[in-house]
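Biologist: I have a model open on my screen and would like your help with a close look at one part of it. Could you walk me through the cysteine links and their surroundings?

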Amino acid sequence: MSVRPSLDAIGRRLSCRVALIVMTPIIAFAHGGMAAAQETSVKKVHAESTGTIRPTSPISLAGRWSGHRFGYAKVAKSAKSDRCKGGSCSLTFDIVACGTDWCGIVVNEAQVCGAVAMKLKGDHDPARRNAFGGTLELAKGSDPYTIEAWYRAPEVVAGENSDKPALSLIGDTGPELLMLRRSFPLQAELTRVSDATCTLEQATS
């Protein structure tokens, strides 16, 4: 005695076959998309490793930078204030290239080239290409500051020095800079005022 399949069973078989026919190209398309994405990723890694991707131009700090220093968020608005007798709150550096890094040569009030007091190295993180780290020694024999500096391009807005590049510095004595604190014993706001005239050969030891 033969048993004829029910209509429900036939319907289920047809549904499965239709679903298989429909899903096959979708799965193939998805697999192809993933393969293409993987191939693109491999090509990108290869390009980065072989240097065929053009890097973003590095920021140049070359020039004379001048401004005021302050600490623990107490701004020295003027070098003539009581807190800044003798120009102690004024900072002027001629920043020049020293190898692949940057060296800041002190320029005193008489425009005489002094010692190399600041050394900066660019951050290797592409997302922090405007950041620099290094050291700053304000007085010979004193503890140097470990510093971080951030370059800001000229702003297209009204305001003092908005048409000049700026360099913001923070620093603390010791081997590392703890960024979690809110204020620092050394803070400075410098702007680029002209080209540098001091050279490493002129810098005093």
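How many disulfides does the structure hold?

Modeller: Happy to! Please keep in mind that this is a predicted model. The structure holds two disulfides, and I will take them in turn before moving to the strands and cores around them.

Start with Cys98 and Cys103, whose sulfur atoms lie 2.2 Å apart in a disulfide. The torsion about their S-S bond is about 95°, so this disulfide is right-handed. Cys103 has 6% relative accessibility and therefore counts as buried, the cut-off being under 20%.

The other link joins Cys113 to Cys198, with the sulfur atoms 2.0 Å apart. Here the value about the S-S bond is -90°, and the link is left-handed. This pair ties together distant parts of the chain: Cys113 sits in strand β4, Cys198 in the segment after β8, and 85 residues separate them. Both ends are buried by that cut-off: Cys113 counts as buried because its relative accessibility is 18%, and Cys198 because its value is 2%. Cys198 also belongs to a nonpolar core of six residues, separate from the largest one, that includes Val96, Val107 and Ala203 as well.

Now for the strands around these links. They form a closed barrel of eight, running β1-β2-β3-β4-β5-β6-β7-β8 with antiparallel pairing. From one strand to the next, the twist averages 30°. If you follow the barrel onward from the strand that holds Cys113, you go from β4 (residues 113–122) to β5 (residues 131–136), an antiparallel pair joined by five bridges. In that pair, Lys121 stands opposite Gly133 of β5. Next, β5 and β6 pair in the antiparallel sense over six bridges, with Phe132 opposite Ala149 in β6. Then comes the pairing of β6 (residues 145–152) with β7 (residues 166–173), again antiparallel, over eight bridges. At Tyr145, the bridge partner in β7 is Thr173.

Those strands also bring us to the largest nonpolar core, which has 21 residues, with Leu61 and Leu167 making the most contacts inside it. At least two residues of this core come from each of β2 (90–98), β4, β5, β6, β7 and β8 (186–194). Strand β6 gives the largest share, four residues. As general background, nonpolar side chains in soluble globular proteins tend to be buried together.

Leu167 is a good residue to centre your view on. Leaving aside residues up to four places away in sequence, Leu167 touches Leu61, Trp65, Ile95, Ala149, Trp150, Tyr151, Ala188, Glu189 and Leu190. Ala149 in that list is the residue opposite Phe132 in the β5 and β6 pairing.

Two other neighbours of Leu167, Trp65 and Tyr151, deserve a last stop. A search of the whole structure finds one aromatic pair. It is made by the rings of Trp65 and Tyr151, with centres 6.4 Å apart and planes at 75°, so the pair is edge-to-face. This pair, too, links distant parts of the chain, with Trp65 in strand β1 (residues 63–70) and Tyr151 in strand β6, 86 residues apart. Trp65 and Tyr151 are both buried.

Conventions:
Residues are numbered from 1 along each chain as its sequence is written. This is a predicted model: local features need pLDDT of at least 70, side-chain atom pairs count only at pLDDT 80 or more; totals for chains, interfaces and linings use all residues. Side-chain values use heavy atoms; hydrogens and water are left out. Two strands pair if DSSP finds at least two bridges between them. Axes are lines fitted to C-alpha atoms, for helices over the stretch in contact, and angles run from 0 to 180 degrees between N-to-C directions. A nonpolar core is a set of buried Ala, Val, Leu, Ile, Met, Phe, Trp, Tyr and Cys residues joined through side-chain atoms within 4.5 Å. Buried means under 20% relative accessible area, exposed over 50%, partly exposed in between (1.4 Å probe, protein chains only). Contact means heavy atoms within 4.5 Å. Rings of Phe, Tyr and Trp (its six-membered ring) pair if their centres lie within 6.5 Å; planes under 30 degrees apart count as stacked, over 60 as edge-to-face and the rest as tilted. A disulfide is a pair of cysteine sulfur atoms within 2.5 Å.
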